[in-house]
Amino acid sequence: MLLSSVEVTSLLHAWSRGDAAALERLVPLIFEDLRGMARRHLRGEREGHTLQPTALVHEVYLKLIDQREADWQNREQFFAVASRIMRRILIDYGKARGTAKRGK
């Protein structure tokens, strides 16, 4: 479903103000955009990576849902933050894998 930037921004603002229903309406609308972003991030990872795009989006969701004081300005800011979170998750995932591989 293609939403205008204004509609997404409106839902983000409502979520920032504590409207849980806005988050519930927002997530299904942006899920495919987040999955596409996750696929792009995973392209740069090693062959046979065990983390799938949907799982990465779910990890991002869990991090975002805990953002109690997020003041979302617009759609672009939200996706930029989501992208940084994805990158951080992949870095942490790689570090954990390396640690496990070394037996520490």
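Student: How many salt bridges does a search of the whole structure find?
Tutor: The model is a predicted one. Among the pairs found are Asp33 with Arg75 and Arg87 with Glu45. A search of the whole structure gives a total of three.

Student: Which residue meets the side chain of Asp33 in a salt bridge, and at what N to O distance?
Tutor: Asp33 belongs to helix H2, and its partner lies in helix H4, 42 residues apart from it, so that the pair links distant parts of the chain. Asp33 has a relative accessible area of 35% and is therefore partly exposed, since that class runs from 20% to 50%. The partner is likewise described as partly exposed, at 22%. The residue is Arg75, with an N to O distance of 2.8 Å.

Student: Which parts of the structure does the salt bridge between Arg87 and Glu45 tie together?
Tutor: The closest N and O atoms of Arg87 and Glu45 are 3.0 Å apart. The two residues are 42 apart in sequence, so the pair ties together helix H4, which holds Arg87, and the loop between H2 and helix H3 (53-65), which holds Glu45.

Student: How far apart in sequence are Asp92 and Arg88, which both lie in helix H4?
Tutor: Asp92 and Arg88 form a salt bridge with closest N and O atoms 3.4 Å apart. In general, an α-helix has 3.6 residues a turn, so residues three or four places apart point the same way. The separation of Asp92 and Arg88 is about one turn of the helix, namely four residues.

Student: Is Met86 buried or exposed?
Tutor: Met86 lies in helix H4 (residues 75-102). Apart from neighbours within four places in sequence, its contacts are Leu34, Met37, Ala38, His41, Leu56, Val57 and Val60. Because the cut-off for burial is under 20% relative accessible area and Met86 has 0%, this residue counts as buried.

Student: What distance separates the C-alpha atoms of Met86 and Leu34?
Tutor: Leu34 is one of the buried residues of H2 and is in contact with Met86. Along the chain, Met86 and Leu34 are 52 residues apart, while their C-alpha atoms are separated by 9.6 Å.

Student: On which residue is the kink in H2 centred?
Tutor: Helix H2 (residues 20-43) reaches 33 Å from its first C-alpha to its last, close to the 34 Å expected. The kink is about 45°. Its central residue is among the buried residues of H2, and that residue is Ile30.

Student: Which residue caps the N-terminal end of H2?
Tutor: A side-chain oxygen of the capping residue lies 3.0 Å from the backbone nitrogen of Ala21. The residue is Asp19.

Key
Residues numbered from 1 in each chain as written. Predicted model: local features only at pLDDT ≥ 70, side-chain atom pairs only at ≥ 80, totals over all residues. Heavy atoms only, no water. Expected span 1.5 Å × (residues − 1). Bend = angle between axes of the 7 residues up to and from the residue. Buried < 20%, exposed > 50% of the residue type's maximum accessible area, 1.4 Å probe, protein only. Polar contact = N/O pair within 3.5 Å; in protein donor to acceptor, adjacent residues only side chain to side chain. Contact = heavy atoms within 4.5 Å. Salt bridge = Lys/Arg side-chain N within 4 Å of Asp/Glu carboxyl O.
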